[in-house]
Amino acid sequence: MSLKYFTLVFPFNITGDQVLLGLKKRGLGENLWNGFGGKPEKNESIEQCARRELEEECGLVAKEMTYLGVLYINTTDGVGDIVIYVYTTRKYMGAVAESDEMLPEWFETTNLPYKQMYEEAPLWYPVMLGNKKFTATFLFDNDDLISYEITTKDELEMTEILRMAQDI
Ligand SMILES: COc1nc(N)nc2c1ncn2[C@H]1C[C@H](O)[C@@H](COP(=O)(O)OP(=O)(O)OP(=O)(O)O)O1
């Protein structure tokens, strides 16, 4: 089975103490809080996908985005392995609006609803909230997280990871 690629975008308020999350209303991750994102369409770059999904799911149009990290979600049988490219934005236009897919809500970065998020979220969100560039690898056996590794990276390394993704 081939790898699947996704994006995830996290908008922050001006002072940086709140992050906008969305409650997924259907499909993968239903009823969990997460950033905004999805799968690239044909001939769409990862960043184009991130911008489109952000606007479709919560109404915000990013004026600037930072490519911050990548999540490698691996499974022991290799079936359903996915790669998620994580962006943050602090400059955007538009008004936050509910969509068919997501119910958006601002949260204090110190008080996130981790109990209603993907299991691995509490492990890498602090790195993302700290604005550090990172890669994170998680290994699941069925639905159990059995190991993980999170590594902070510099700008150059992240550029190379994204360049490789665009070549796929
Ligand atoms: C452990 O797995 C995951 N962890 C986290 N934190 N986020 C995940 C995980 N698996 C998927 N996601 C994210 C990645 C995407 O942002 C969404 C799923 O996107 P979706 O399936 O809704 O993609 P769309 O292209 O919007 O799908 P439609 O076909 O419904 O438009 O969850």
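Me: How many nonpolar, polar and charged residues does the shell around the ligand have, by class?

Reply: Heads-up: this is a predicted model, where local features need pLDDT of at least 70, side-chain atom pairs count only at pLDDT 80 or more, and totals for chains, interfaces and linings use all residues. Residues are numbered from 1 along each chain as its sequence is written. Ala, Val, Leu, Ile, Met, Phe, Trp, Tyr, Cys and Pro count as nonpolar, Asp, Glu, Lys and Arg as charged, and the others, Gly among them, as polar. Sorted that way, the shell has eight nonpolar, five polar and three charged residues.

Me: Which residues are closest to the ligand?

Reply: To be in the shell, a residue needs its C-beta atom, placed from the backbone, within 6 Å of the ligand. The ligand has 16 residues around it. The closest are Phe 6, Gly 37, Gly 38, Lys 39 and Tyr 118.

Me: And which elements give two or more residues to that shell?

Reply: Helices (H or I, at least four residues) and strands (E, at least two) are DSSP runs, numbered from the N terminus. Those giving two or more residues to the shell are strand E1 (4-11) and strand E5 (82-93).

Me: In what order do the strands of the open sheet run?

Reply: Strands pair if DSSP finds at least two bridges between them. E1 and E5, for instance, pair in the parallel sense over eight bridges. The sheet has five strands with mixed pairing, in the order E1-E5-E4-E7-E8.

Me: Which strands are the edges?

Reply: Look for strands that pair on one side only. That gives E1 and strand E8 (144-152).

Me: Which residue in E5 stands opposite Val 9?

Reply: Go back to the E1 and E5 pair, which is parallel. Opposite Val 9 in E5 stands Tyr 87.

Me: What angle does helix H2 make with E8?

Reply: Helix H2 (residues 121-129) packs on the sheet, touching E1, strand E4 (61-75), E5, strand E7 (134-141) and E8. Contact means C-beta atoms, placed from the backbone, within 7 Å. Angles run from 0 to 180 degrees between N-to-C directions, with axes fitted to C-alpha atoms, for helices over the stretch in contact. H2 and E8 come out at about 20 degrees.

Me: What about helix H3, at what angle does that run to E4?

Reply: Helix H3 (residues 155-167) lies across E1, E4, E5 and E7. Its angle to E4 is about 80 degrees.

Me: How many helices and strands are in the chain?

Reply: From the N terminus on, the pattern is β-β-β-α-β-β-β-α-β-β-α. That makes three helices and eight strands.

Definitions and conventions:
Two residues are in contact if their C-beta atoms, placed from the backbone, lie within 7 Å.
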